[in-house]
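Please open the structure in your viewer and keep the selection panel at hand, as this tour moves from one selection to the next.

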Amino acid sequence: MKDVVLVVGSSGQIGTELVIELRKIYGNSNVVASDIRPSSEKIIESGPFEELDVLNEKRLREIIKKYKVSQVYLLAALLSANAEKNIEFGWRLNIRSHSNVLDLIKDGLVKKVFWPSSIAVFGLTTPKQNTPQYTIMEPNTVYGISKQTGERWNEYYFNKFNSDIRSLRYPGLIGWRAKAGGGTTDYAVNIFHEAIQKEKYECFLKNDTILPMMYMPDAIRATIEIMEAPAEKVKIRSSYNLAGISFTPKELAEEIKTYIPNFKISYNPDFRQEIANSWPQSIDDSCAQKDWGWKLNYTLEKMSFDMIKNLKENN
Ligand code: AKB
């Protein structure tokens with residue numbers, strides 16, 4: 001019998017793409033999409049969708065029982081920029097959603113959980129280049145602190161209760177199916193939309209801000225690969241570094257200009273600059289490569305080509 005999977009946060013940037021891929025693997029009726037907001041037509045029409053506020057533990061448990069769910073992907077969260085604007089809700093959502101889902105696995109209701117961490121777990125005192133898996137971690141954003149707390153809980157639940165929780169420290173994610181939602185790395189998604197629609201973009205980060213990013217097909221593949229890996233290969237139970245590709249807004253704009261020659265970028269840094277300054281510029285993901293065979297596919301060039309092609313064809 002195939003596993004039944006619940007995706008919490010199916011209307012967001014990752015959920016929109018992950019549900020489609022998981023339905024190809026597990027079958028449409030075995031992947032339950034859920035969100036507090038409606039999901040895309042493609043998701044609602046191709047399989048089950050449940051309205052869910054993940055803070056409502058009773059309703060979460062009802063859905064788990066109704067579909068006999070065995071795996072949960074928890075994607076609901078307030079990202080770095082939005083959490084700074086609403087610190088109490090950011091903390092409550094990010095922490096409570098995580099513990100509601102971890103308790104499902106502790107209570108034996110589900111077998112496996114995926115929970116995303118982020119490069120936001122690092123801070124100003126972390127080495128910025130080739131940031132190691134194990135290093136100083138002093139995050140200074142609500143989002144980063146909540147992710148670091150979550151990582152500690154993941155490892156604690158694994159050691160104490162043998163809970164099979166798997167996690168990746170995502171870099172900034174770039175995809176064409178859904179808009180980015182409230183992060184510091186959102187510029188790298190917005191720039192493509194505005195380049196195509198208006199041939200210009202005002203960036204909220206400085207031109208030379210280097211951040212690690214990843215194209216969504218790589219991120220979705222990494223997520224499914226770590227979830228499908230034999231349990232003994234998942235040696236790190238807090239969260240794995242994922243490197244992606246590191247570039248600046250200026251370099252991305254140059255790449256976009258090869259397809260849209262009239263494209264113009266200007267810079268007007270805001271509060272998100274400070275968040276970006278506290279994050280690593282490049283990441284060492286050799287543990288993910290060694291433990292469960294992770295390999296990146298998309299370069300900056302390949303990603304930009306694919307983003308522009310898909311945005312033009314699908315708008
Ligand atoms: C954000 O910018 O907040 C997120 C992240 C790096 O986790 N994209």
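## Between two domains

Begin by selecting the ligand in this predicted model: because domain 1 (5-168) and domain 2 (173-213 + 244-314) both give residues to the shell around the ligand, the ligand lies between them. Next, colour these two domains separately, since the chain is divided into domain 1 (5-168) and domain 2 (173-213 + 244-314), and their centres, taken over C-alpha atoms, are separated by 23 Å. Where the domains meet, the contact takes 27 residues from domain 1 and 27 residues from domain 2.

Now return to the ligand and display its surroundings, which are formed by Leu 79, Ser 80, Ser 118, Ile 119, Tyr 143, Gly 183, Thr 184, Thr 185 and Trp 279. Sorted by class, this shell has four nonpolar and five polar residues, and no charged residues.

From that shell, pick out Ser 118, where a polar side-chain atom lies 2.7 Å from an oxygen atom of the ligand. Move on to Tyr 143, where an N or O atom in the side chain is 2.7 Å from an oxygen atom of the ligand, and then to Thr 184, where the atom to look for is a polar backbone atom, 2.7 Å from an oxygen atom of the ligand. Of the 250 Å² of accessible area that the ligand has on its own, the protein covers 94%.

Finally, switch on a surface view of the protein and look at the space taken by the ligand, which is the largest pocket.

Note on methods. Residues are numbered from 1 along each chain as its sequence is written. This is a predicted model: local features need pLDDT of at least 70, side-chain atom pairs count only at pLDDT 80 or more; totals for chains, interfaces and linings use all residues. Side-chain values use heavy atoms; hydrogens and water are left out. A residue is near a molecule or strand if one of its heavy atoms lies within 4 Å of it. A polar contact is a pair of N or O atoms within 3.5 Å; within protein, one must be able to donate a hydrogen and the other to accept it, and residues adjacent in sequence count only if both atoms are side-chain atoms. Accessible areas come from the Shrake-Rupley method with a 1.4 Å probe; for residues, only the protein chains shown count as cover. On a 1 Å grid over the protein atoms alone, a cavity is a set of points where a 1.4 Å probe fits but cannot get out, and a pocket is an open set with protein on both sides within 12 Å along at least five of seven lines; lining residues have an atom within 4 Å of a point. A molecule sits in a cavity or pocket if more than half of its atoms lie within 2 Å of its grid points. Ala, Val, Leu, Ile, Met, Phe, Trp, Tyr, Cys and Pro count as nonpolar, Asp, Glu, Lys and Arg as charged, and the others, Gly among them, as polar. Domain bounds come from an automatic or database domain assignment. Contact means heavy atoms within 4.5 Å.
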